[in-house]
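Hi,

Here is the structure I promised to pass on. Have a look at it first, and then read on for what turned up.

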Protein chains: 2
Amino acid sequence: MFSEKLFKSFDSYLPLNKAEKKDLSSRLTERRLKRRQYILQQNDVCNHFTFIVEGCLRKFYIDNKGAEHNIQFATEDDWITEYDSFYSVRPSLLSIEAIEPSVILQISRNDLLFLFLNNAKYDRNFRVIAEKKYIELENRILESARCGAEERYLSFLSRYPNLAARLPNLQIASYLGITPEFFSRVKNKVIANNAAAQNH
Amino acid sequence: MFSEKLFKSFDSYLPLNKAEKKDLSSRLTERRLKRRQYILQQNDVCNHFTFIVEGCLRKFYIDNKGAEHNIQFATEDDWITEYDSFYSVRPSLLSIEAIEPSVILQISRNDLLFLFLNNAKYDRNFRVIAEKKYIELENRILESARCGAEERYLSFLSRYPNLAARLPNLQIASYLGITPEFFSRVKNKVIANNAAAQNH
DNA sequence: CGTCTATTTGAATGTACTCAAAAGCGGTGG
DNA sequence: CCACCGCTTTTGAGTACATTCAAATAGACG
């Protein structure tokens, strides 16, 4: 059962009991996403918190030239939403789409707000989720502040080795905040350096 | 009483009752900070959540060349901490210092963890704090992704008009991710544009 | 009033971007 | 199975935004 994965992710903070699991299950919607399928489009209101059972999604911004800027990736056992739009019920500046075929569980705003009101466990679990997400973003800012594209790429490789392997270059470039063309040069340079290091 | 400000900041989410206020008060430490006074030094562990009663603090990163990069400002009625170090109890990559003479209230990790365990209201209130902080950071990333220094400055001006007025240029430049020299040019250009717009 | 820090200006430099085009890769249909 | 199409990646040349270094000026504070 897919929701077991979700319950498990709460276990280290405030586990749910049987009744709570059952109740939560009834509020979850399972969806299967194809590659490129959106769960949130720019200018729509974000109405769900999304748990990823399997696959990989990205949250990104499309600027006025049409260029896409990845803000964040999320894979198995992670959550993704657009907090600002979700809580303010205003149009989202960001979009969220599946990069890989994915399986997700979604909970609507009404259901989540209901849970917050009626069971304090959810405050705990979602506090922890928000705090972790915050740390992730802060690290991202830190990295863009402190170094050039090559170091950021190396840092990305070591922080998210499995992501680096499964994502197309285009997505990584967009996350690093550089053009695909420039990323190609950076990547080849890194590979060349590694080869040189191997040869001695 | 300074802690009243703090209690008030909870009112829109989950207000505290009298007994809770008294208990929380006993766990708060009031401190007065001079300009430039640190409450967290890089490589120290962040042991407190800090509420700002009055003044302005900044969280920043010092790179290996000694250059400082502002991650976030916090003023009256806002909270500041380094989540990663606070929860992991590991040395912080970031520093926090007062930009203005400030009055703060601090709660220690032990006390806050105690409150989380014993009163679910705190999970709620600190969930909301983390979510707001997350939104703030996401906006910051968005802005650095979508535009050049001049637009970022204009956007900063409109988003935080009072901050822009009270901060020295150096701090703003560091927040925008540009050098003070370049910021000076950007600012003068913006001023020139405004003057031109006035004259017709 | 002098010192220290913040801001401004100039010139040379560099990192990353744009535009253009070629090459590689994978899927789809004939 | 090959040919074609679309998409991703690579390469090249010219450009721009922002940096660095240096020095001059202005402000703030004791």
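A word on domains before anything else: the bounds used here come from an automatic or database domain assignment. On that basis, chain A splits into domain 1, covering 3–146, and domain 2, covering 148–200. Do keep in mind that this is a predicted model.

The centres of those two domains of chain A, taken over C-alpha atoms, lie 27 Å apart. Where they meet, 11 residues of domain 1 are in contact with nine residues of domain 2. On the domain 1 side, β4 (56–62), β5 and α5 of chain A each give two or more residues. β5(A) gives the most there, with five residues. By class, that side of domain 1 divides into four nonpolar, four polar and three charged residues.

Staying in domain 1 for a moment, have a look at the strands. β8 of chain A (residues 102–108) pairs with β1 of chain A (residues 29–33) in the antiparallel sense, over five bridges. If you want a landmark for that pairing, A:R31 stands opposite A:I104 in β8(A). β8(A) is also joined to β3 of chain A (residues 48–54), again antiparallel, by six bridges. Here A:T50 has A:Q106 of β8(A) as its bridge partner.

Now for the contact between the two protein chains. Chain A and chain B put in 26 residues each. On the chain A side, β5 (68–75), α3 (83–88) and α5 (120–146) each supply at least two residues. Which element gives the most to that side? α5(A) does, with 17 residues. The chain A side that touches chain B is made up of 14 nonpolar, two polar and 10 charged residues. Note that α5 and β5 of chain A also turned up on the side of domain 1 that touches domain 2.

Then the DNA, starting with strand D. There are 15 residues around DNA strand D, and those that come nearest are A:N169, A:S184, B:G148, B:I178 and B:F182. α8 (169–176) and α9 (180–199) of chain A, together with α9 (180–199) of chain B, each supply at least two residues of this surface. α9(A) gives the most, with six residues. The classes here are six nonpolar, five polar and four charged.

DNA strand C also has 15 residues around it, and A:G148, A:F182, B:N169, B:L170 and B:S184 come nearest. The elements giving two or more residues are α9 of chain A along with α8 (169–176) and α9 of chain B. For strand C, α9(B) gives the most, with six residues. By class, the surface near strand C has six nonpolar, five polar and four charged residues.

One last residue to click on is B:E150, which sits in helix α6 of chain B (residues 149–159). Is B:E150 buried, exposed or partly exposed? A residue is buried with 20 or more other C-beta atoms within 10 Å of its own and exposed with 12 or fewer. B:E150 has 16 C-beta neighbours inside 10 Å, so it counts as partly exposed. Leaving aside residues up to four places away in sequence, B:E150 touches B:V186, B:K189 and B:V190. By contrast, the C-alpha atom of B:Q198, 48 residues away along the chain, is separated from that of B:E150 by 19 Å.

Over to you, and shout if anything is unclear.

Cheers

Note on methods:
Residues numbered from 1 in each chain as written. Chains lettered and ligands numbered in written order. Predicted model: local features only at pLDDT ≥ 70, side-chain atom pairs only at ≥ 80, totals over all residues. Contact = placed C-beta atoms within 7 Å. Helix = DSSP H or I, 4+ residues; strand = E, 2+ residues; numbered from the N terminus. Nonpolar A, V, L, I, M, F, W, Y, C, P; charged D, E, K, R; others polar. Near = placed C-beta within 6 Å. Pairing = 2+ DSSP bridges.
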